[in-house]
Amino acid sequence: MATGPEVTPEISAAVSPAVRALEGGLVVSCQAGAGHPLADPDVIARLAACAEAGGAVGVRVESAADVRAVRARIKLPVIGIRKVDVGAHRPFITPALADCAALAEAGADIIALEAVPDNRASADEAAGLIRAVREQLGRPVMADVATLEEGLAAWAAGADLVGTTLSGYTRASASRVGPDLALVADLARHGVRAVLEGRVDRPEQVRAAFEAGAWTVVVGTAITDPISLTRRYAAGAPRGV
Ligand SMILES: CC(=O)N[C@H](C=O)[C@@H](O)[C@H](O)[C@H](O)COP(=O)(O)O
């Protein structure tokens, strides 16, 4: 379990306005990695504007440049992340306090960071970062996890939201496929503000997550990646891939 300064009950209990604003609604992840045709801050801001017009209650955005462009264009809360290529099968999500500070400075209302052991020297490292973001930057934190144990540790460290984002992407969860409704239900049962994120591609899954006790649901690829959408439909064509 994490060591270090205890998070006071006052800090844990107070739900920040940005976190409160996400309750019961849909968050759209507006991201495009390097080399993607949509990888441009103005385009990402336009995708975020589409999400806002469509009824989303928040957006999740990668990089300080994209956060800045989105912040200038829409009013919804922005969850900011930074993905860092560490030469593995997936990027490291918001490794350091300096990344968090840059995202906060660019206008992110909530900072998301990974709280799984894969890329960290110890489990305490993520807990320390969660506390530092809240106490030094004054921003609420969304912890991206893959297991109940990781989620409860992040919550105990003071995370304001705990997402299933990394379920299926870590060593401990590699065999999982599809959105992790079981994990969101387990987290909610433990009183955690739980977020279903990762591989949601049908509205019924959004409904099921809220029935399981989710605070919010994040959908990315299924809404904001036209390459993936094209592939899904092209697969039905005789000359499809
Ligand atoms: C594992 C990882 O790095 N996930 C990233 C986290 O921000 C993004 O690549 C995902 O698109 C996002 O989580 C939304 O998920 P989906 O695109 O499946 O709806």
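1. Val-28 of strand S1 has Val-59 as its bridge partner in S2. The two strands, S1 and S2 (residues 58–62), run in the parallel sense and are paired over four bridges. The structure discussed in this note is a predicted model.

2. S1 also pairs with S10: three bridges join these strands, and they too run parallel. On this side, Leu-26 stands opposite Val-217 in S10.

3. Strand S1 covers residues 26–30, and five of its five residues are buried, so the rest of the structure largely encloses the strand. Leu-26, Val-28 and Cys-30 point one way from S1, whereas Val-27 and Ser-29 point the other way. Both sets of residues are buried.

4. Ser-29 returns in the surroundings of the ligand, where it is listed among the closest residues together with Tyr-169, Arg-199, Gly-220 and Thr-221. The shell around the ligand holds 18 residues. Strand S10 (216–219) and helix H10 (221–224) are the elements that give two or more residues to this shell. By character, the shell residues divide into nine nonpolar, six polar and three charged.

5. The largest nonpolar core of the model contains 71 residues. Those that touch the most other members are Val-59, Val-70, Ile-130, Ala-154, Ala-159, Val-162 and Val-217. Two of these names have been met above: Val-59 is the bridge partner of Val-28, and Val-217 is the residue opposite Leu-26.

6. Val-162 deserves a separate entry. Leaving aside neighbours within four places in sequence, Val-162 is in contact with Ala-143, Val-145, Gly-151, Ala-154, Trp-155, Leu-187, Val-192, Arg-193, Ala-194 and Val-195. Of these partners, Ala-154 is also named among the core residues that touch the most other members.

7. Gln-136 offers a contrast to the buried residues of S1. This residue is found in helix H6 (residues 123–137). Gln-136 counts as exposed because it has 12 C-beta neighbours inside 10 Å. Gln-136 and Ala-101 lie 35 residues apart in sequence, with a C-alpha to C-alpha distance of 9.1 Å.

8. Some overall values complete the picture. The chain has eleven helices and ten strands, and 46% of its 241 residues are buried. Among contacts with a separation of 6 or more, 59% are between residues 24 or more positions apart. The C-alpha trace spans about 60 × 40 × 35 Å along its principal axes. The radius of gyration is 17 Å, which agrees with the value near 18 Å that a compact globule of 241 residues would have.

Methods
Residues numbered from 1 in each chain as written. Predicted model: local features only at pLDDT ≥ 70, side-chain atom pairs only at ≥ 80, totals over all residues. Near = placed C-beta within 6 Å. Nonpolar A, V, L, I, M, F, W, Y, C, P; charged D, E, K, R; others polar. Rg over C-alpha atoms; globule rule 2.2 N^0.38 Å. Buried ≥ 20, exposed ≤ 12 C-beta atoms within 10 Å, placed from the backbone. Contact = placed C-beta atoms within 7 Å. Core = buried A, V, L, I, M, F, W, Y, C linked by C-beta atoms within 7 Å. Pairing = 2+ DSSP bridges.
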